[in-house]
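I open this notebook to record what I looked up in the structure shown below. The entries follow the order in which I consulted the features.

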Amino acid sequence: MIGCPNKISLGTLIAPVHFTHEKHEFMKPNFVQKIIFLVSVWIVPAVIAVAQTTQTTDKTLVNMFAKTLDIYYIDVEGGQATLFVSPSGETALIDTGFPGTRDPKRILEAVKAAGAKQIDYLVITHYHADHIGGFLELSKQIPILHYVDHGPTVQPEQNIPSKQAYDAAVAKGAHIIVKPGDKLPISGIDWAIVSSAGKTLADNMLGAPGAGKPNPYCAGFVGKDVQVDLENAQSMGSVISYGKFRTVDLGDLLWNVEAELACPVNRIGTVDVLLTTHHGMSWSGPKALVYALQPRVVVMNNGIRKGAQIETFETLESAPGLENLWQLHWSANGLLEHNVPGRFIANMEEPLITSGLIAHPPSPATSPTGPRPAGIVAPVPRAAMGNPDHDPAYWIKVSAQEDGTFTVTNARNGFSKIYQRKN
Ligand SMILES: [Zn+2]
Ligand SMILES: [Zn+2]
């Protein structure tokens with residue numbers, strides 16, 4: 001466990017530097033030694049003195065040296081790729097984005113920014129092309145040590161090259177098939193599996209805040225009978241905790257299966273950060289689950305035309321305790337009525353397209369609060385599955401401390417917000 005002392009002693013972090021005035025050739029103070037001397041004799045004591053006299057600076061110094069769980073929500077245009085870097089430095093990547101080189105390149109940029117050299121655990125939520133598509137190219141460029149998935153696909157007809165490459169890799173690599181209740185052995189954090197292969201947790205999460213409580217939002221729950229792309233319902237879902245910080249990722253789990261995690265009792269408890277299930281599509285994300293989780297922050301992994309449907313926006317806008325929604329993309333569904341302020345949006349569309357969409361909102365008609373796209377049972381047109389390359393692409397980064405405080409940063413504009421721990 002990582003300690004978080006109220007006061008930090010820099011003397012324990014920087015080894016003492018000794019100088020001598022003897023005239024031996026190898027001991028002559030050169031430029032570097034002078035710098036070290038200045039730092040050790042003047043700057044370090046000065047910083048310690050300031051830290052000991054001001055509470056704010058003290059906290060800042062503690063934060064500088066505190067270990068964090070870092071999460072990079074990488075823009076893959078309405079697919080998924082989320083990189084976790086544990087306080088111990090181990091890495092886990094949930095999904096690989098779409099086929100081709102675009103999304104692996106974006107993933108590798110995040111890996112590099114995190115200072116990592118390998119993916120210790122590749123977690124494949126399910127085998128749709130927007131989740132496993134980048135595997136073929138990614139696996140050529142970075143070592144992957146463990147493969148984690150829900151087992152065989154229920155849609156074997158979607159046998160794209162990345163799925164074939166994945167099958168070949170797991171046949172000779174370290175392969176972990178998980179079931180609800182399992183844990184991934186990533187040091188420094190707790191990684192619990194809550195759904196897999198159509199099954200969900202049978203028990204409440206031990207010690208989780210709010211877990212096991214009756215859920216009042218179940219009373220208004222109405223099922224949705226989605227009967228296409230059923231691999232979504234197989235999605236592996238994870239609850240990842242670091243100390244008091246908790247986040248949940250359910251892949252593309254479908255509405256009725258999600259509800260099993262929340263009704264009649266909330267199995268998971270409350271979380272700090274929720275990734276929208278299924279990119280914010282209205283096939284997923286029932287209020288009975290979202291409200292029960294009481295996320296302080298929601299990150300939506302939408303593309304400009306994929307996910308981020310109006311029903312999802314409306315659910316989030318009324319979610320109890322939600323402080324901010326952060327979007328990976330400005331949404332052509334949300335338009336002016338539902339998109340959050342630009343500070344919270346990582347990627348924008350071309351200005352001409354955006355202004356055209358705003359000036360001439362697409363049909364179909366509107367809900368009382370804004371344009372509402374077509375009903376929930378229509379399959380997403382393949383043309384909407386991802387966008388052309390845009391470069392650069394920006395991530396949303398969450399950096400969590402063991403006490404539950406976390407910071408969210410928009411890589412496009414540098415806007416950052418600290419969510420202090422709740423007592
Ligand atoms: Zn998806
Ligand atoms: Zn899917």
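**Entry 1: a loop glycine.** I began with glycine 210, which I found in the loop between β9 (199–200) and β10 (237–242). The model is a predicted one, and I read each entry with that in mind. I asked whether glycine 210 is buried or exposed. I found glycine 210 partly exposed, because 17 other C-beta atoms lie within 10 Å, while a residue counts as buried at 20 or more and as exposed at 12 or fewer. I then looked up what glycine 210 contacts when neighbours within four places in sequence are left aside, and noted Asn266, Gly269 and Thr270. For one of these, glycine 269, I looked up the separation: the two residues are 59 apart along the chain, yet their C-alpha atoms are separated by 4.2 Å.

**Entry 2: the chain as a whole.** I next looked up the overall composition. The secondary structure amounts to 11 helices and 19 strands. Of the 423 residues in the chain, 46% are buried. I also looked at contacts between residues at least 6 apart in sequence, and 72% of these join residues at least 24 apart.

**Entry 3: the open sheet.** I traced a sheet of 9 strands and recorded it as open, with mixed pairing, in the order β6-β5-β4-β3-β2-β1-β17-β18-β19. I asked which strands stand at the edges. They are β6 (174–177) and β19; each has a single partner strand, so one side of each is left without a neighbour in the sheet. From one strand to the next, the twist averages 15°.

Within this sheet I looked up two pairings. Strand β1 (residues 69–73) runs antiparallel to strand β17 (residues 396–400), and 5 bridges join them. Here leucine 69 stands opposite alanine 400 in β17. Strand β18 (residues 406–410) pairs with strand β19 (residues 416–419), also in the antiparallel sense, over 4 bridges. In that pair I noted threonine 407 opposite isoleucine 418 in β19. The hairpin of β18 and β19 has 5 residues between the strands, and in it glycine 414 takes a positive phi near 75°.

**Entry 4: helix α3.** I checked the length of helix α3 (residues 102–113). Its 12 residues should span 16 Å at 1.5 Å a residue, and the end C-alpha atoms are 17 Å apart, which agrees. The buried residues of α3 are Arg102, Asp103, Pro104, Arg106, Ile107, Ala110 and Val111. I asked what covers them; the cover includes β1, β2 (82–85), β3 (91–94) and α5 (135–141). After α3 comes glycine 115, with a positive phi near 75°.

**Entry 5: arginine 106.** I singled out arginine 106, which is found in helix α3. I recorded arginine 106 as buried because 24 other C-beta atoms lie within 10 Å. Not counting residues up to four places away in sequence, arginine 106 touches Ile74, Asp75, Val76 and Ala393. Between arginine 106 and aspartate 75, which are 31 residues apart in sequence, the C-alpha distance is 7.6 Å.

**Entry 6: confidence.** Finally I looked up the confidence values. The mean pLDDT of the chain is 84, and 78% of its residues reach 70 or more. Over residues 1–29 the pLDDT stays under 50, and the model has 28 contacts beyond four places in sequence for them. Residues 364–386 also have a pLDDT below 50, with 40 contacts in the model beyond near neighbours in sequence. Where pLDDT is low, the predicted coordinates should not be read in detail.

Methods: Residues are numbered from 1 along each chain as its sequence is written. Chains are lettered from A and ligands numbered from 1 in the order in which they are written. This is a predicted model: local features need pLDDT of at least 70, side-chain atom pairs count only at pLDDT 80 or more; totals for chains, interfaces and linings use all residues. Two strands pair if DSSP finds at least two bridges between them. Two residues are in contact if their C-beta atoms, placed from the backbone, lie within 7 Å. Axes are lines fitted to C-alpha atoms, for helices over the stretch in contact, and angles run from 0 to 180 degrees between N-to-C directions. The expected span of a helix is 1.5 Å times one less than its number of residues. pLDDT is the predictor's confidence in each residue, from 0 to 100.
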